[in-house]
Amino acid sequence: MVQSFFVYGLLGLMLFLLGRISYLREKQSIQLHRKTSFWSWEIFIALFLFAFVSGVRWNVGVDHLTYLSHYLRIQNGLNPYLDKEIGFEFITNLFAQSGLHFSFYFGFFAFLQLFFIYYAFKDHRYLYPFLGIIILFGPEYLNWMNGMRQMLSATIFVFSIQFIQNRQFVKYVLTILFASLFHTSALGLIIFYFIPQRDYFKSRILTLFLVVFSLILGSMDFWIDSLNQFSQLFNLLGYDWYSENINVLIENNQVSNIGPRRLSLMLIPLLIIWFSPKLKVTYQNTFFLTYYNLALFGFLLYNIVANLNHGLIRPTTYLTIFIIPATAYLLDYLRTNINKMYPIYLITFLIVLSYLPLSIFADEGKGKADYSNYKFYWDNYDK
């Protein structure tokens, strides 16, 4: 546990400081009427540190050892353990057949995941100090280390929002097709180009009512049996295992009690909702409204399916990932108004930092089922 707090804490601090440096560099460049290059030294170091820590991990993320077994089988000339999308298999075969250590392989995927998020906001670097710590200390990092194929596709989706906003259909479709090379389910994201860009959650009171309704609906099971009708859709979107085993997944639905971790996941969106009128005005020249809409749709959908098997929750991550930029905008707004909002800023910041430590405490002592505490591969891997 001590090692986990040290590694995660140091990485989080470095991401925050490097993000701060990048923001100050951009601020100075704007004053001098210069264009800031994305590939500055602080961005490279941030991406490298994130990739390194993620690359040398061991059993962090539920599927980590499954991906590792797949990689090692290819490297040793055995039949692949998995048979996945062409982009994923291309990278896997490229690294494995080059004889590279698996830490480079996992580090590369983590590098790509963070790269697409950072690159999406390269012109809004005031968010950089917050993006890294939101990803690391919220639920996203463990999600990224678990379903790394789908989460890479999700980060590419975040990057692609600019093409929706700028009405660049060809670029958007090509980007989504690229994302689908890592997880077929990304193909379903093409429909978002055709959804009108409106303020779907204009009323805070109505939005809060929808949150309560989604929680109530999620606690009921009368509608769960109807999921059988969607088995073909799961198969089409690349969730073939879930399609074939949907009856088992439905029967094994799990009650997700609102404990400390679930509460932390709820409080941040609620704070974003509460401050949304101010955020929409302050950041009206950004894509905040789109991020907010997608984040809220994801939050409501997650509340509805939270009591189902984890496999049926996974598709919601394409939307819940937008809580990252929405939270970053909230923290930036509170920071710029810190003189009158310091207590709220501090409370919000602490909530943002709470999920990962709570997971560390919750998983401590679970042995091989501990997917949160940080472990180095060299302490656990016996070749």
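Author: A helix here is a DSSP run of H or I with at least four residues, and helices are numbered from the N terminus. In this predicted model, Asn59 sits in the loop between helix H2 (41-55) and helix H3 (64-75).

Reader: Why is Asn59 called buried?

Author: Its relative accessibility is 5%. Buried means under 20%. The value 5% falls under that limit, so Asn59 counts as buried. Asn59 also has a positive phi of about 60°, although it is not a glycine.

Reader: Arg167 has a positive phi too; what is the angle?

Author: It is about 55°, and Arg167 is not a glycine. Arg167 lies in the loop between helix H8 (148-165) and helix H9 (169-180).

Reader: What makes Arg167 partly exposed?

Author: Its relative accessibility is 46%. Buried needs under 20% and exposed needs over 50%. The value 46% lies in between, so Arg167 is partly exposed.

Reader: Why does Lys27 get the label partly exposed?

Author: Its relative accessible area is 42%. That is between 20% and 50%, so the label fits. Lys27 belongs to helix H1 (residues 2-31). Its C-alpha atom is 9.9 Å from that of His124, with their positions 97 residues apart along the chain.

Reader: Now H14. How do you know that its length agrees with a helix of 23 residues?

Author: The expected span is 1.5 Å times one less than the number of residues. For the 23 residues of H14 that should be 33 Å. The end C-alpha atoms are 31 Å apart, which agrees.

Reader: Where is the kink in H14?

Author: At Ser276, shortly before the proline Pro277. The angle is about 65°.

Reader: What do the buried residues of H14 pack against?

Author: Five helices: H10 (204-218), H15 (288-305), H18 (323-336), H19 (338-352) and H20. The buried residues of H14 include Arg262, Met266, Ile272, Phe275 and Ser276.

Reader: Why is Leu270 called partly exposed?

Author: Leu270 is in H14 (residues 260-282). Its relative accessibility is 27%. That is not under 20% and not over 50%, so Leu270 counts as partly exposed. Beyond its neighbours within four places in sequence, Leu270 is in contact with Leu208 and Val211. Its C-alpha atom is 9.7 Å from that of Arg204, and the two residues are 66 apart in sequence.

Reader: Why is Ser359 called buried?

Author: Its relative accessible area is 0%. The limit is under 20%, so Ser359 is buried. Ser359 is found in helix H20 (residues 355-363).

Reader: What makes the link between the side chains of Ser359 and Arg261 a polar contact?

Author: The distance is 3.3 Å. A polar contact needs a pair of N or O atoms within 3.5 Å, one able to donate a hydrogen and the other to accept it. The value 3.3 Å is within that limit, so the distance fits. Ser359 also touches Leu142 and Ser372, with residues up to four places away left out.

Reader: Which residues have the most contacts inside the largest nonpolar core?

Author: Tyr118 and Trp144, in a core of 110 residues. Among the residues Tyr118 touches, beyond four places in sequence, are Leu15, Phe38, Ile43 and Tyr128.

Reader: How many helices and strands does the chain have?

Author: It has 20 helices and zero strands. Buried residues make up 53% of its 383 residues. Among contacts between residues at least 6 apart in sequence, 74% join residues at least 24 apart.

Technical notes:
Residues are numbered from 1 along each chain as its sequence is written. This is a predicted model: local features need pLDDT of at least 70, side-chain atom pairs count only at pLDDT 80 or more; totals for chains, interfaces and linings use all residues. Side-chain values use heavy atoms; hydrogens and water are left out. Helices (H or I, at least four residues) and strands (E, at least two) are DSSP runs, numbered from the N terminus. Buried means under 20% relative accessible area, exposed over 50%, partly exposed in between (1.4 Å probe, protein chains only). Contact means heavy atoms within 4.5 Å. The bend at a residue is the angle between axes fitted to the seven residues ending there and the seven starting there. A nonpolar core is a set of buried Ala, Val, Leu, Ile, Met, Phe, Trp, Tyr and Cys residues joined through side-chain atoms within 4.5 Å.
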